[in-house]
2 protein chains.
Amino acid sequence: MTLNNTIEIDIVKASSSKIASVDFENLTFGNIFTDHMLICDFKDGAWQKPIITPYEPFLIDPSAKVFHYGQAIFEGMKAYKDENDDVWLFRPDENFKRFNKSAKRMAMPEVPENIFMEGLKTVVDLDREWVKKGLGNTLYLRPFMIATGHGVIAQPSSEYRFMIILSPAKSYYSGEVKVIIAEHYSRAANGGIGAAKAAGNYSAQFYPTKLANEKGYQQIIWTDDATHTKLEEAGTMNVFIRINDTLYTAPTSERILDGVTRKSLIELAQRDGLNVEVRSVLVEELVNAAKDGSLKEIFGAGTAAVVSPIVAFAYQGTEYQLPKIENSFASQLKEDLTKIQYKLAEDTFGWTVKI
Amino acid sequence: MTLNNTIEIDIVKASSSKIASVDFENLTFGNIFTDHMLICDFKDGAWQKPIITPYEPFLIDPSAKVFHYGQAIFEGMKAYKDENDDVWLFRPDENFKRFNKSAKRMAMPEVPENIFMEGLKTVVDLDREWVKKGLGNTLYLRPFMIATGHGVIAQPSSEYRFMIILSPAKSYYSGEVKVIIAEHYSRAANGGIGAAKAAGNYSAQFYPTKLANEKGYQQIIWTDDATHTKLEEAGTMNVFIRINDTLYTAPTSERILDGVTRKSLIELAQRDGLNVEVRSVLVEELVNAAKDGSLKEIFGAGTAAVVSPIVAFAYQGTEYQLPKIENSFASQLKEDLTKIQYKLAEDTFGWTVKI
Ligand SMILES: Cc1ncc(COP(=O)(O)O)c(C=O)c1O
Ligand SMILES: Cc1ncc(COP(=O)(O)O)c(C=O)c1O
């Protein structure tokens with residue numbers, strides 16, 4: 001599958017590239033950006049012509065609604081380079097659809113498919129040198145939209161800016177990941193915006209996560225806010241739990257993000273003949289399974305972290321260790337997935353899109 | 001009470017004032033700003049020297065965390081001019097405390113009291129011509145803080161910008177306000193950020209509010225997200241309900257903003273010998289009271305809207321009208337409050353602060 005251009009994009013190239021100054025072996029996630037970015041403004045009820053410019057700060061009014069009312073959404077995707085120097089996206093249609101689902105929930109205008117897709121393709125193509133070969137090397141792609149309209153009345157903006165910025169990345173978490181099961185704080189309300197990739201969902205988690213960090217835990221597994229009895233997801237990952245030989249993951253809902261990695265892993269597990277059940281696991285079940293030894297694995301799944309095995313969880317002050325196991329589902333599924341992403345295995349699903 | 005300066009603020013004055021171009025009789029809320037604004041940056045773990053500059057757009061990086069993770073909080077306050085041309089703030093200490101409570105919940109640094117208070121005083125003083133005399137005329141003050149640190153990793157920023165912008169305002173809502181009682185959507189989770197004035201709380205309400213607007217309702221009264229049985233608050237107002245001669249308002253909680261207007265009205269009602277009870281009113285109670293005629297008034301209370309009487313509410317597809325009454329508590333309390341704010345009645349509470 002390749003993308004054909006249906007729109008015009010004005011391109012102003014950077015006068016020189018920053019790439020030589022980047023140490024690609026020692027990247028920390030998300031703090032270095034490529035030479036270019038895409039900008040497309042929405043005003044007078046219509047999307048304007050997209051432009052690609054050098055990556056640089058831009059001017060914005062202090063009363064822009066993004067600052068006051070948080071109308072801001074984003075996506076997180078990656079580009080991968082194969083052995084032939086071809087650059088690939090993974091299921092970009094899923095990110096595009098989710099972006100517009102988020103836009104709708106946040107009362108923002110939907111971005112037309114050609115602006116999203118061709119914009120993405122064009123800017124990644126321009127900075128394709130930044131996508132490095134080799135498993136684990138990726139270019140992280142961050143499409144986002146912010147409300148740029150002026151005024152401090154609490155109402156949707158009438159002006160928006162859609163942008164795409166690109167950041168070379170290795171994997172997200174390093175080291176062993178231990179989590180706390182949420183007992184008090186929550187990330188999403190029933191009837192809230194948890195299923196949208198809305199900026200406000202993330203800062204809401206920073207303080208509880210800081211408290212967890214202080215106790216030696218990197219992440220929180222959120223539970224339903226009403227009863228704190230059902231396991232939901234982590235900060236930027238959906239969560240899989242393996243009890244005996246069955247893999248469980250919570251159903252997506254208004255509170256849980258419909259992760260692309262999650263849905264891909266479910267399909268891969270099914271293809272591999274693993275037993276997968278999409279249902280909520282109760283905290284109580286998790287604790288009991290940890291106690292009786294039937295709990296085999298917990299892992300997070302998300303674009304940034306890919307598959308992130310969890311080595312221990314804490315609940316009500318007690319820490320439960322996960323066993324070290326052979327034939328880990330996490331490793332198997334991670335390998336399945338990354339082989340497709342890097343074109344090392346046949347993509348029978350049609351998930352990869354060449355740039 | 002007056003404020004004494006303990007900090008230095010660099011001031012760059014606007015070369016000319018925009019004030020002559022403003023039609024103060026026909027202001028719409030929050031879209032005109034005065035000549036100056038205050039900026040104070042947090043970096044390297046410390047607040048820098050505040051500056052006041054002409055109101056103008058500023059440069060920000062596309063990867064600033066406010067755009068991606070929504071670390072953004074604000075306050076809403078007003079300045080009032082009395083008959084002697086003195087300018088007054090109303091309980092600014094409450095806004096200052098709430099600002100830092102919001103900062104803490106959003107994992108942002110607290111703003112020192114002298115930067116907040118003296119910054120506010122200095123910038124309002126500089127633009128005091130913009131505060132017009134006469135009941136209903138105010139200068140709306142918007143202190144806010146955004147995460148300016150770079151990088152798309154979902155972690156708290158290490159750099160922030162605190163700003164104060166000022167907008168001349170009449171009252172917020174015009175016309176009759178009808179509300180819908182929330183049955184599905186919610187504004188806040190248990191253990192969430194509802195009690196913080198965090199930007200993300202507001203955009204979360206835009207889509208449900210748009211749906212309400214389409215049905216002819218201006219606002220939503222939110223209910224608890226778990227059961228939708230308890231009345232909580234409106235978009236930017238706390239809610240009071242009068243059944244017979246008792247006035248009810250929900251207790252503040254993790255889900256409900258601790259409004260300055262709300263707490264002032266409670267004190268005024270008590271002073272006036274009215275019966276006030278701080279407890280949750282059930283939706284069922286409200287509907288029953290509407291049916292049996294004991295429901296006398298519903299009104300919103302907040303800085304922008306002051307006191308906003310509600311003429312009807314809808315629940316499960318049925319619209320219930322509020323009766324037209326004499327001796328309305330809403331009118332009485334609004335008069336009590338605004339008289340103090342405009343120095344037309346003695347401020348026995350010590351709420352007003354002269355600039
Ligand atoms: C809250 C949340 N859950 C889950 C995920 C995983 O989604 P995906 O696999 O599409 O990256 C993400 C983001 O990336 C997220 O932000
Ligand atoms: C959610 C919410 N509730 C209530 C209020 C009322 O608070 P205050 O009276 O302090 O303005 C506000 C804001 O102004 C608000 O944003």
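These exercises walk through a predicted model, each with a worked solution.

Residues are numbered from 1 along each chain as its sequence is written, and chains are lettered from A in the order in which they are written. Local features need pLDDT of at least 70, side-chain atom pairs count only at pLDDT 80 or more, totals for chains, interfaces and linings use all residues, and side-chain values use heavy atoms, without hydrogens and water.

**Exercise 1. The two chains**

Task: Find the turn and shift that lay chain B on chain A.

Solution.
- Two copies of a chain are related by a rotation about an axis and a shift along it.
- Superpose by least squares on the C-alpha atoms of residues with pLDDT of at least 70 in both copies.
- The turn is 180°, the shift along the axis is 0.0 Å, and the RMSD is 0.0 Å.
- That is the relation of a two-fold axis.
- The same surface serves both copies: 100% of the contact residues of chain B recur in chain A. Contact means heavy atoms within 4.5 Å.

**Exercise 2. Two domains of chain A**

Task: Describe how domain 1 of chain A meets domain 2 of chain A.

Solution.
- Start with the bounds. Domain 1 covers 10-170 and domain 2 covers 177-341. Such bounds come from an automatic or database domain assignment.
- Taken over C-alpha atoms, the domain centres are 27 Å apart.
- The contact takes 21 residues from domain 1 of chain A and 22 residues from domain 2 of chain A.
- Next, the area. The two domains bury about 1,800 Å² between them, with 59% of it on carbon and sulfur atoms. Buried area is the accessible area (1.4 Å probe) that two parts lose on being put together, summed over both.
- On the domain 1 side, Phe74(A), Phe90(A) and Arg98(A) lose the most area, together 32% of what that side buries.
- Now the polar pairs. The interface holds 11 residue pairs in polar contact, both residues at pLDDT 80 or more. A polar contact is a pair of N or O atoms within 3.5 Å; within protein, one must be able to donate a hydrogen and the other to accept it, and residues adjacent in sequence count only if both atoms are side-chain atoms.
- α2(A) gives the most to the domain 1 side, with six residues. Helices (H or I, at least four residues) and strands (E, at least two) are DSSP runs, numbered from the N terminus.

**Exercise 3. Charged pairs**

Task: Which residues of chain A are linked in a network of salt bridges?

Solution.
- Side chains of opposite charge can pair when their charged atoms come close.
- The rule asks for a side-chain nitrogen of Lys or Arg within 4 Å of a carboxyl oxygen of Asp or Glu.
- Lys263(A) pairs with Asp258(A) at 3.4 Å and with Glu94(A) at 2.8 Å.
- The network links Arg91(A), Glu94(A), Lys97(A), Asp258(A), Lys263(A) and Glu267(A).

**Exercise 4. A long-range pair**

Task: What does the salt bridge of Arg161(B) and Asp41(B) tie together?

Solution.
- The closest N and O atoms of Arg161(B) and Asp41(B) are 2.7 Å apart.
- Arg161(B) lies in strand β10 and Asp41(B) in strand β2, so the pair ties together parts that are 120 residues apart in sequence.
- Arg161(B) is buried at 16% relative accessible area, whereas Asp41(B) is partly exposed at 23%. Buried means under 20%, exposed over 50%, partly exposed in between (1.4 Å probe, protein chains only).
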